[in-house]
Amino acid sequence: MGRMSRESREPEDGDSAEELPEYAERVLEVAELIPSGRVMTYGDVAEWLEEGGPRQVGRVMALYGGAVPWWRVVRADGVLLPGHELRALDRYREEGTPLREAARSAEGHVPRIDMARARWDGGGQDHGR
């Protein structure tokens with residue numbers, strides 16, 4: 001997974017490779033809660049945590065997300081993660097995630113996630129509020 005694995009980060013002085021920042025642990029825990037076939041946006045995760053924003057969540061996923069279902073944390077527009085489109089698409093199809101087929105004019109004809117149907121609001125989960 002390269003840029004999306006927990007191991008991709010170089011340890012800093014006094015930091016072990018296994019030790020994650022507390023915020024990163026929390027983001028990854030939310031990613032693990034998202035049911036198969038559903039997604040949350042980077043902003044949804046930040047809102048759920050009541051901390052950070054989409055960019056911070058995206059950074060965590062880029063650095064440490066390889067060990068969790070990274071394909072379930074997505075852009076708000078439903079566009080698949082650049083560079084990982086085909087691997088994500090395989091997962092979405094395997095899990096039955098609702099997709100919108102790409103128009104023939106779309107570059108690469110890669111579908112998008114149907115956000116209206118696939119987005120998960122965390123319903124039924126207690127996240128410490």
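Biologist: In this structure, is Asp44 buried or exposed?

Modeller: The model is predicted, and every value here is computed from it. A residue counts as buried when its relative accessible area is under 20%. Asp44 has a relative accessibility of 15%, so Asp44 is buried.

Biologist: Which residue meets the side chain of Asp44 in a salt bridge?

Modeller: The link runs between distant parts of the chain, 75 residues apart. Asp44 lies in helix H2, residues 42-49, and the partner lies in the segment after helix H5 (115-118). The partner is partly exposed at 37% relative accessible area. With 2.8 Å from N to O, the salt bridge joins Asp44 to Arg119.

Biologist: How many salt bridges does the structure hold?

Modeller: Besides the pair of Asp44 and Arg119, there is a network that links Glu22, Arg26 and Glu51. Asp77 also pairs with Arg75, and Arg117 with Asp114. For the whole structure, the number of salt bridges is 6.

Biologist: How far apart are the closest N and O atoms of Asp77 and Arg75?

Modeller: Asp77 is partly exposed, with a relative accessible area of 35%. Arg75 is also partly exposed, at 33%. The closest N and O atoms of their salt bridge are separated by 2.6 Å.

Biologist: In the salt bridge of Arg117 and Asp114, which residue is buried?

Modeller: The closest N and O atoms of this pair are 3.2 Å apart. Arg117 has a relative accessible area of 54%, over the 50% cut-off, so Arg117 is exposed. The partner's relative accessible area is 12%, under the 20% cut-off, so the buried residue is Asp114.

Biologist: Which elements give two or more residues to the lining of the largest cavity?

Modeller: The structure has 1 cavity of 30 Å³ or more, and the largest cavity holds about 70 Å³ of space. Its lining includes Tyr42, Trp70, Trp71, Val73, Val74, Ala88 and Tyr92. The elements that supply two or more lining residues are strand S2 (73-74) and helix H4 (85-95).

Biologist: How many charged residues are in the lining of the largest cavity?

Modeller: By class, 11 lining residues are nonpolar and none is polar. Arg75, the salt-bridge partner of Asp77, is among the lining residues. Arg counts as charged, and the number of charged residues in the lining is 1.

Biologist: Which residues does Glu85 touch, not counting those up to four places away in sequence?

Modeller: Glu85 is in helix H4, and at 27% relative accessible area it is partly exposed. The C-alpha atom of Glu85 is 9.7 Å from that of Arg112, which is 27 residues away along the chain. One of the residues touched by Glu85 also lines the largest cavity, namely Leu80. The residues touched are Leu80 and Val110.

Biologist: How many helices and strands does the chain have?

Modeller: From the N terminus on, the order of elements is α-β-α-α-β-α-β-β-α. The secondary structure comes to 5 helices and 4 strands.

Biologist: What share of the residues of the chain counts as buried?

Modeller: The chain exposes about 7,700 Å², and carbon and sulfur atoms supply 43% of that area. Among contacts between residues at least 6 apart in sequence, 64% join residues at least 24 apart. Of the 129 residues, the share that counts as buried is 43%.

Terms used. Residues numbered from 1 in each chain as written. Predicted model: local features only at pLDDT ≥ 70, side-chain atom pairs only at ≥ 80, totals over all residues. Heavy atoms only, no water. Buried < 20%, exposed > 50% of the residue type's maximum accessible area, 1.4 Å probe, protein only. Contact = heavy atoms within 4.5 Å. Areas by Shrake-Rupley, 256 points an atom, 1.4 Å probe, with all protein chains shown as cover. 1 Å grid on protein atoms, 1.4 Å probe; cavity = no way out; pocket = protein on both sides within 12 Å on 5 of 7 lines; lining within 4 Å. Points joined across faces, edges and corners; volume = space filled by probe spheres on them. Salt bridge = Lys/Arg side-chain N within 4 Å of Asp/Glu carboxyl O.
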